[in-house]
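Trainee: I have a structure open and some questions about it. Can we go through them one by one?

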Amino acid sequence: MTDSDVPDELIAQLQQDEGLRLTAYQDVFGHWTIGYGHTPSRPGMIWTHDQALAMLRADCTAALRDVDRVLPWARRLGPVRHAVFVNMAFNMGIGRLNGFHRALAAARRGDHEACAHHMLDSLWAQQVGDRAHRLARQMRTNEWVLAQPLSRP
């Protein structure tokens, strides 16, 4: 699996969801973060935009691998719904995503409405706000949901 396996729409979502910080900062949990939500970092670290984008692609590829390893059935949902779980794994890690037992069970049986409901009925949804609502809508509709339209060159 390579960076080219990551859908452009997923990269655009993560750019919007994570935001870009080229100087290391401590996130709400006290973790040193840089770029598009990359951890670990260290105080004083500074990146270029190209470094941040390259690491975003690498981190997204790693999250995709984790989802495929732990939730191999998720690929059957199709690329748009599969990307919901990759986005969530990128945000919270595969271990925490794997704790969404009711949402994952609903998705696995094809009940996308129940999956979206269980996603939103979580501490994670309270913490990430609009991101959770957009990903739940994406799970329901099987259509990419971006906070802003994706611009194509």
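**Helices, hairpin and pocket**

Mentor: Start with one residue: Asn87 is buried, with a relative accessible area of 0%. Keep in mind that this is a predicted model.

Trainee: In which helix is the place of Asn87?

Mentor: Look at the buried residues of α3, which include Val86, Asn87 and Met88. Asn87 therefore counts as buried, at a relative accessible area of 0%. Its place is in helix α3.

Trainee: Which residues does Asn87 touch, not counting those up to four places away in sequence?

Mentor: Leu10, Gln13, Leu14 and Asp17 are among the buried residues of α1. Asn87 touches these and two more. The full set is Leu10, Gln13, Leu14, Asp17, Arg131 and Leu135.

Trainee: How many of the 14 residues of α3 are buried?

Mentor: Buried means under 20% relative accessible area. Val80, Phe85 and Phe90 are among those that pass in α3. The helix is largely enclosed by the rest of the structure, because the buried count is twelve of the 14.

Trainee: How far apart are the end C-alpha atoms of α3?

Mentor: Work from 1.5 Å a residue. The 14 residues of α3 should then span 20 Å. The model agrees, because the end C-alpha atoms are apart by 20 Å.

Trainee: Which residue follows α3, and is its phi positive or negative?

Mentor: Met92 is one of the buried residues of α3, and the helix covers 79-92. Next comes a glycine with phi near 90°, a positive value. That residue is Gly93.

Trainee: Which helices do the buried residues of α1 pack against?

Mentor: α1 is mostly covered, with eight of its eleven residues buried. Ile11, Ala12 and Glu18 are among the eight. After α1 comes Gly19, with a positive phi near 70°. The packing partners are α2, α3 and α8.

Trainee: How many residues lie between β1 and β2 in the hairpin?

Mentor: The two strands run antiparallel, and three bridges join them. One facing pair is Arg21 and Gly35 in β2. In the turn, Gly30 has a positive phi of about 90°. The number of residues between the strands is five.

Trainee: Which residues does a cis peptide bond join?

Mentor: Check the loop between β2 and α2. Pro40 lies there. Omega is about 0° at the bond that joins Thr39 and Pro40.

Trainee: Is Asn142 buried, partly exposed or exposed?

Mentor: Asn142 is found in the segment after α8. Its phi is positive, about 60°, although it is not a glycine. Buried needs under 20% relative accessible area and exposed needs over 50%. At 32%, Asn142 is partly exposed.

Trainee: What volume does the largest pocket have, and which helix gives the most to its lining?

Mentor: The volume is about 640 Å³. Of the 23 lining residues, the closest to the centre are Glu18, Asp27, Gly37, Phe90 and Asn91. At least two lining residues each come from α1, α2, α3 and α7. The helix that gives the most, with four residues, is α3.

Trainee: How many residues in the lining of the largest pocket are charged?

Mentor: Split the lining by class. Nine residues are nonpolar and eight are polar. The charged count is six.

Technical notes: Residues are numbered from 1 along each chain as its sequence is written. This is a predicted model: local features need pLDDT of at least 70, side-chain atom pairs count only at pLDDT 80 or more; totals for chains, interfaces and linings use all residues. Side-chain values use heavy atoms; hydrogens and water are left out. On a 1 Å grid over the protein atoms alone, a cavity is a set of points where a 1.4 Å probe fits but cannot get out, and a pocket is an open set with protein on both sides within 12 Å along at least five of seven lines; lining residues have an atom within 4 Å of a point. Grid points are joined across faces, edges and corners, and a volume is the space filled by probe spheres set on the points. Ala, Val, Leu, Ile, Met, Phe, Trp, Tyr, Cys and Pro count as nonpolar, Asp, Glu, Lys and Arg as charged, and the others, Gly among them, as polar. Two strands pair if DSSP finds at least two bridges between them. The expected span of a helix is 1.5 Å times one less than its number of residues. Buried means under 20% relative accessible area, exposed over 50%, partly exposed in between (1.4 Å probe, protein chains only). Contact means heavy atoms within 4.5 Å.
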